[in-house]
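Ready for a few exercises? Have a look at the model below, then work through the tasks one at a time.

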Amino acid sequence: VIPIGLVASQFGTAGGILAALGALLLVIAWDLTTASDLTPYGYFARGSLFLLSGGTIGTLWNARRELEVQGTHWFEQSADLNCVADLNGNFVRVNRAWSDTLGYSTSELLSTPYITHVHPDDVEKTAALSSRLAEGVPRSSSRTATARPTAPTCGCAGLRPWIAPGG
């Protein structure tokens with residue numbers, strides 16, 4: 001059943017059903033080449049199990065893929081600054097709104113620690129939140145200010161102006 005599940009996870013419902021039929025053919029070949037004396041009930045039970053497993057796993061994987069597509073669409077099309085970050089302090093994924101709002105390219109954002117884009121007044125709060133997340137403490141909603149490199153500087157050498165996400 002495991003190979004049927006693997007095929008179903010790659011090729012969906014149709015792949016799962018084809019893999020199940022292939023497995024049933026292998027059972028028939030095995031029965032014909034050995035003295036197993038498999039009864040019609042044995043064929044029916046194995047065939048039913050194979051088809052049910054392949055069809056169910058394939059259907060579930062198809063549904064999972066559709067949910068991934070919908071989630072990706074929501075993530076990418078949002079005007080909000082959506083991101084995924086790891087517990088090492090790096091962006092893993094950012095949506096287009098980051099580049100549109102802040103002026104950094106996606107590759108620039110992914111190649112720098114996210115803390116470099118946090119307003120100096122929010123660095124401590126953000127670091128504390130990251131530590132709590134690393135310990136497994138659930139997070140509450142939080143906002144921090146982020147840097148925009150394309151806006152005029154604020155009069156302090158090397159500092160960039162800061163804007164709140166979404167505004």
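**Exercise 1: the surface patch**

Task: find which helix gives the nonpolar patch its largest share.

Solution. Helix α1 (residues 2-33) does, with three residues; helices here are DSSP runs of H or I with at least four residues, strands are E runs of at least two, and both are numbered from the N terminus. Next, list the members: Ile17, Leu18, Leu21 and Leu51, together showing about 340 Å² of accessible area on the surface. Areas come from the Shrake-Rupley method with a 1.4 Å probe, and for residues only the protein chains shown count as cover. To join a patch, nonpolar side chains (Val, Leu, Ile, Met, Phe, Trp, Tyr) must lie within 5 Å, have over 30% relative accessible area and make no salt bridge (a Lys or Arg side-chain nitrogen within 4 Å of an Asp or Glu carboxyl oxygen).

This is a predicted model: local features need pLDDT of at least 70, side-chain atom pairs count only at pLDDT 80 or more, and totals for chains, interfaces and linings use all residues. Residues are numbered from 1 along each chain as its sequence is written, and side-chain values use heavy atoms, leaving out hydrogens and water.

**Exercise 2: one patch member**

Task: is Ile17 buried, partly exposed or exposed?

Solution. First place it: Ile17 sits in helix α1. Its relative accessibility is 35%, so Ile17 is partly exposed (buried is under 20%, exposed over 50%, partly exposed in between; 1.4 Å probe, protein chains only).

**Exercise 3: the next helix**

Task: work out which residues of α2 are buried.

Solution. Pick out Gly42, Gly47, Phe50, Ser53, Gly54, Gly55, Gly58 and Phe75. Their cover includes α1, β1 (83-85) and β2 (91-94).

Methods: Patch = residues over 30% accessible without salt bridge, like charges linked within 9 Å, V, L, I, M, F, W, Y side chains within 5 Å. Contact = heavy atoms within 4.5 Å.
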